[in-house]
Amino acid sequence: MRIGLLGTGPWADMAHAPALSGHPGLDFVGVWGRRPEAAEEIADRHGTRAYENVDALLTDVDAVAVALPPSVQAPLAVRAARAGCHLLLDKPVATSVEDGRSVVEAAREAGVSSVVFFTSRFQTTTEAWISEQAALDGWFTARAEWLGSVFTGDSPFATPWRRDKGGLWDVGPHALSLLLPVLGDVRRVAASARGPEDTVHLVLEHVGGASSTLTLSLTAPPAAAGTTVELRGKAGVTVLPASSEGAVEPLTRAADALLAAVETGRPHACDVAFGLRVTEILAEAEERLGGGDGQS
């Protein structure tokens with residue numbers, strides 16, 4: 001399958017370009033970015049072509065991978081779908097429900113397949129853990145703490161959109177991508193409150209009767225950063241195992257998932273419809289946080 005890359009930032013450079021160029025089932029046709037010189041550099045390193053015009057790239061490929069801020073990704077994903085391109089998107093699909101729905105509608109109308117790259121969902125140890133827990137009944141509650149320390153040192157992820165949207169929108173999708181397959185959809189955001197800097201605390205009610213609490217931040221002290229996901233229920237207590245995988249291996253599996261969806265016509269669990277649902281939940285939380293103290 002011929003695929004192009006939209007985006008030239010650190011994530012495109014360190015994850016997408018190596019995964020696409022090294023995948024045996026993909027023909028990495030070219031890269032387009034808002035900075036032409038960066039597109040040239042990535043293209044040179046991976047033996048492909050830099051495109052100055054995004055529509056020219058869409059014409060030459062069967063699919064696109066997108067590594068751009070969500071406000072840029074959503075309209076380009078709509079444009080790509082309408083050009084008949086399958087979609088390998090990054091999370092979050094969008095940071096507004098309206099933009100997320102536009103992507104879903106464009107993909108549906110064009111009949112293209114989609115996969116949203118929630119990194120943890122494509123790590124082998126994490127996916128095995130999710131499958132094992134989802135097969136069990138009787139989960140009572142869950143706790144997810146996703147604490148980053150992005151704006152210290154020289155992190156390449158200290159980008160403007162993360163400063164603007166914070167941990168809710170950057171790491172919130174990761175937490176939800178793990179909780180929803182096990183506990184079921186979210187019935188409502190029962191409570192939300194702000195913590196230090198961009199930190200937020202959410203309480204979610206799930207359709208199966210379980211509850212979950214999320215603590216999300218990009219501004220934790222470096223010594224306090226880390227991720228914990230814990231489930232408690234009739235089966236006892238289980239904690240998400242650590243993964244040593246980088247980004248390229250999971251992204252390669254996400255590309256595998258897109259190829260399978262295209263071949264079979266069966267939607268992947270992490271398609272744009274799932275991505276929209278994550279956006280809807282986070283938008284509800286954001287609305288509550290903007291309405292005062294966020295408490296129910």
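Which residue of β2 does Leu5 stand opposite? In this predicted model, the partner of Leu5 is Val31 in β2. Let's start from that pair and work outwards.

## The parallel sheet

The strands behind that pair are β1, residues 2-6, and β2, residues 27-32. These two strands run in the parallel sense and are held by five bridges. They belong to an open sheet of six strands, and reading across gives β3-β2-β1-β4-β5-β6, with parallel pairing. At the edges you'll find β3 (49-51) and β6. Each of these has a single partner strand, so one side of each is left without a neighbour in the sheet. Going from one strand to the next, the twist averages 20 degrees.

How much of β2 is buried? Five of its six residues are, so β2 is largely enclosed by the rest of the structure. As a rule of thumb for any regular strand, side chains alternate between the two faces of the sheet.

## Helix α2 and its buried face

Now for α2, which covers residues 36-45. Its buried residues are Ala38, Ala39, Ile42 and Ala43. Look down the axis of α2 and they fall within an arc of 135 degrees, so they line one face of the helix. That fits the general picture: an α-helix has 3.6 residues a turn, so residues three or four places apart point the same way.

What sits over these buried residues of α2? The cover includes α1 (10-22), along with β2 and β3. Just after α2 comes Gly47, with a positive phi near 65 degrees.

## Where α1 meets α9

Helix α1 also packs against α9, which is made of residues 248-264. The angle between them is about 50 degrees, and their axes are 9 Å apart. Angles between 35 and 65 degrees count as oblique, and α1 and α9 are therefore oblique to each other. The crossing of α1 past α9 is right-handed. On the α1 side, the contact is made by Met14, Ala15, His16, Pro18 and Ala19. The α9 side brings in Val248, Leu251 and Thr252.

## Thr119 in its loop

Thr119 is in the loop that links β6 (114-117) to α6 (124-134). Is Thr119 buried or exposed? With a relative accessible area of 14%, Thr119 falls under the 20% cut-off, so Thr119 counts as buried. Setting aside neighbours within four places in sequence, the contacts of Thr119 are Trp11, His174 and Pro250.

## The mixed sheet

There is another open sheet of six strands, this one with mixed pairing. Its order is β8-β9-β10-β7-β11-β12. The edge strands are β8 (186-194) and β12 (236-239), each pairing on one side only. On average, and ignoring direction, neighbouring strands here are turned by 15 degrees against each other.

At one edge, β11 (residues 226-233) and β12 run antiparallel, joined by four bridges. Arg232 stands opposite Val237 of β12. As for helices on this sheet, α10 (residues 272-289) lies across β8 and β9 (200-206). Its direction makes an angle of about 40 degrees with β8.

Note on methods. Residues are numbered from 1 along each chain as its sequence is written. This is a predicted model: local features need pLDDT of at least 70, side-chain atom pairs count only at pLDDT 80 or more; totals for chains, interfaces and linings use all residues. Side-chain values use heavy atoms; hydrogens and water are left out. Buried means under 20% relative accessible area, exposed over 50%, partly exposed in between (1.4 Å probe, protein chains only). Contact means heavy atoms within 4.5 Å. Two strands pair if DSSP finds at least two bridges between them. Axes are lines fitted to C-alpha atoms, for helices over the stretch in contact, and angles run from 0 to 180 degrees between N-to-C directions. The arc is that of the directions from the helix axis to the C-beta atoms. Angles under 35 degrees count as roughly parallel, over 145 as roughly antiparallel, 65 to 115 as roughly perpendicular and the rest as oblique. A crossing is left-handed if the near helix is turned anticlockwise from the far one by less than a right angle, and right-handed if clockwise.
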